[in-house]
Amino acid sequence: MNTLTNKKVLLGITGSIAAYKSADLVRRLREQGAEVRVVMTAAATEFITPLTLQALSGQRVHSLILDAEAEAAMGHIELARWAEVVLVAPATADFLAKLAYGHANDLLSTLCITTTAPITVAPAMNQQMWQAPVTQENCQRLQERGIKIFGPAMGSQACGEIGAGRMLEPLELVQCLEGLFKKGSLVNHQILITAGPTREDIDPVRFITNRSSGRMGYAIASAAYAAGAQVTLVNGPVSLSPPLGVQISPVYNAQEMLEAVMTHIPTTDIFIAAAAVADYRPVQQATQKLKKKEAVMQLTLERTPDILATVANLPNPPFTVGFAAETNNLIDYARSKLQRKKLDMIAANQVGIEGVGFDSEENALHVFWTEGSVELSRCSKKEIANKLVDLIIQRYQLKKRLSS
Ligand code: PMT
C-alpha cells in the first residue's frame, strides 16, 4: 500500500501559469491511491478549465463560495472537514499573502481557515516576486503557523527570467505529501541547517570567500527531511537545486546568515552548522572598484560574527551540531571547538585532500560529543549525511530523555 492510499487531498489551484501542471498532479496523486477534490480560484480558471480537473479527479470541481447547488451537496464546511491535507499548488504571491493574514474572501481561502487538516503550499511566481521581502515575510508567518512550503524550484521561468520561483514538479509534490504522512524519528521537529560559503565584499566586484559548494549541508537537509523533520536551510551563494521539501533561506554574507539563523532559532529543535562561514571580512567595503596603484596592498580585516557560538551560547539553545574543517590536528582542534563553543556534537572533516571535504562529492567525518566519538568512513555526501543524521537523532533523543 502506498503512503497516500485513501488519503483525502484537497487540491487548491490559484491563478498562475503553473496551473497547467496541476492537471498532471491530480493524475499522479490518484495513481498513488489518493482521493482528490479540487478547488479553484477564479483566476485559476483562466489558466486551466474546471472540466479538465473534473475529468482527472472524477469529482466536481469547486470554485464559488456562493454556490447554492454546491452548498446543497458538499458545501465549503464539509469540504474543509473532508480534507486530510490541503495542498495549494500553484500558490501565487497574492494567495500566500491572503493565507498569511487570514483573508477569507473566496472559497479556497475560506476553506484554509476553516479546515483543521495540515495546509501545504507550492509557490509559483516570478523570481523577483519570490525574493521580495514581503513574500519572504509572509512565508515566515505561514511557517510559524505550521504551514509547510514545498519549493519553489530554481530554473527558467515562463516570464523568461531564471531563478527560484518555479512550482515543484508534480512527482516532487507527491513525494512532499508522502513525507507528511510518513512516520520518522524527526516528525514534528524543526531542523535548521547552514550550508555553503559566505561572501564578504571588498568592493563592488571583489569578495572574500572559500571553496564550499553547499553539497554537505544540502545532503544533511535531505536526510533530515527524509527522517520526517521540517527543515530550513540557510545557505550562502551556491548553485545547487533546492532539496525536496526543504525551505530555503538564501543569504550572501556572514551577517545575513546570522540574522536569518536567529530568526528561525526560537522554533528550532536541532541546529546543524555545515556552512563554511568566512571568518574575516574587510573592515570597510569600498563603494567603488579599488584601483591598482601600489605594488603591495593591505586589507584590514575584522572577525565575522560566530553564528555557531552565538546559537550554542543562547540561554535555551537547540541541540547544536557544529562542523570543523581542518587541514591538520583534526582531533585536537575538533575536541577543542566542541568544548569552547559549548556544542552538543561536532563533525570534523579533513580538508585540503583531493576528493573529500570542500567542493567534492564525497566526505569522511570524525564525529565527537563530550563522552564519545565515532568515525564515518569515506562515502558519498548523501550516504554520510544519512549516517550523521541517524547519529544526531540518537544523541538528541538521549539528551532529551536525560533532561526530562
Ligand atoms: O560545502 P561543501 O563543498 O559540501 O563542503 C563541506 C564543508 C567542508 C564546507 C563542510 O563539511 C564543513 O566542514 N563545514 C564547516 C566549515 C568551517 O567553516 O569550519 P570551521 O572549522 O572554520 O568552523 C567551525 C564551525 O563554526 C562550523 O560549524 C562553521 O559553520 C561555524 N562558524 C564558523 C565561523 C563563523 N563566523 N560562524 C560559524 O558559525
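A residue counts as buried when its relative accessible area is under 20%, and by that cut-off tyrosine 396, at 8%, is buried. The model described here is predicted, and this briefing looks first at aromatic rings and then at the residues around the ligand.

**Aromatic pair**
- The structure holds one aromatic pair, in which the ring centres of phenylalanine 319 and tyrosine 396 lie 5.8 Å apart with their planes at 85°, so the pair is edge-to-face.
- Because phenylalanine 319 belongs to strand β16 (residues 319-326) and tyrosine 396 to helix α15 (residues 381-403), the pair ties together parts that are 77 residues apart in sequence.
- Like its partner, which has a relative accessible area of 8%, phenylalanine 319 is buried, with a value of 5%.

**Charges over rings**
- The charged end of arginine 37 sits over the ring of tryptophan 82, at 4.8 Å from the ring centre.
- In another such arrangement, the charged end of arginine 303 is found over the ring of tyrosine 280, 5.7 Å from its centre.

**Around the ligand**
- The ligand is surrounded by 28 residues, of which Ser212, Ser213, Ala275, Lys337 and Asn349 come nearest, and this shell divides into 13 nonpolar, eight polar and seven charged residues.
- An oxygen atom of the ligand lies 2.5 Å from a side-chain N or O atom of asparagine 349, while a nitrogen atom of the ligand is 2.8 Å from a backbone N or O atom of proline 305.
- Of the 770 Å² of accessible area that the ligand has on its own, the protein covers 95%.
- Two or more shell residues come from each of α11 (215-226), α13 (307-312) and β16, with β16 giving the largest share, four residues.

Definitions and conventions
Residues are numbered from 1 along each chain as its sequence is written. This is a predicted model: local features need pLDDT of at least 70, side-chain atom pairs count only at pLDDT 80 or more; totals for chains, interfaces and linings use all residues. Side-chain values use heavy atoms; hydrogens and water are left out. Rings of Phe, Tyr and Trp (its six-membered ring) pair if their centres lie within 6.5 Å; planes under 30 degrees apart count as stacked, over 60 as edge-to-face and the rest as tilted. Buried means under 20% relative accessible area, exposed over 50%, partly exposed in between (1.4 Å probe, protein chains only). A charge sits over a ring if NZ of Lys or CZ of Arg is within 6 Å of the ring centre and within 35 degrees of the ring normal. A residue is near a molecule or strand if one of its heavy atoms lies within 4 Å of it. A polar contact is a pair of N or O atoms within 3.5 Å; within protein, one must be able to donate a hydrogen and the other to accept it, and residues adjacent in sequence count only if both atoms are side-chain atoms. Accessible areas come from the Shrake-Rupley method with a 1.4 Å probe; for residues, only the protein chains shown count as cover. Ala, Val, Leu, Ile, Met, Phe, Trp, Tyr, Cys and Pro count as nonpolar, Asp, Glu, Lys and Arg as charged, and the others, Gly among them, as polar.
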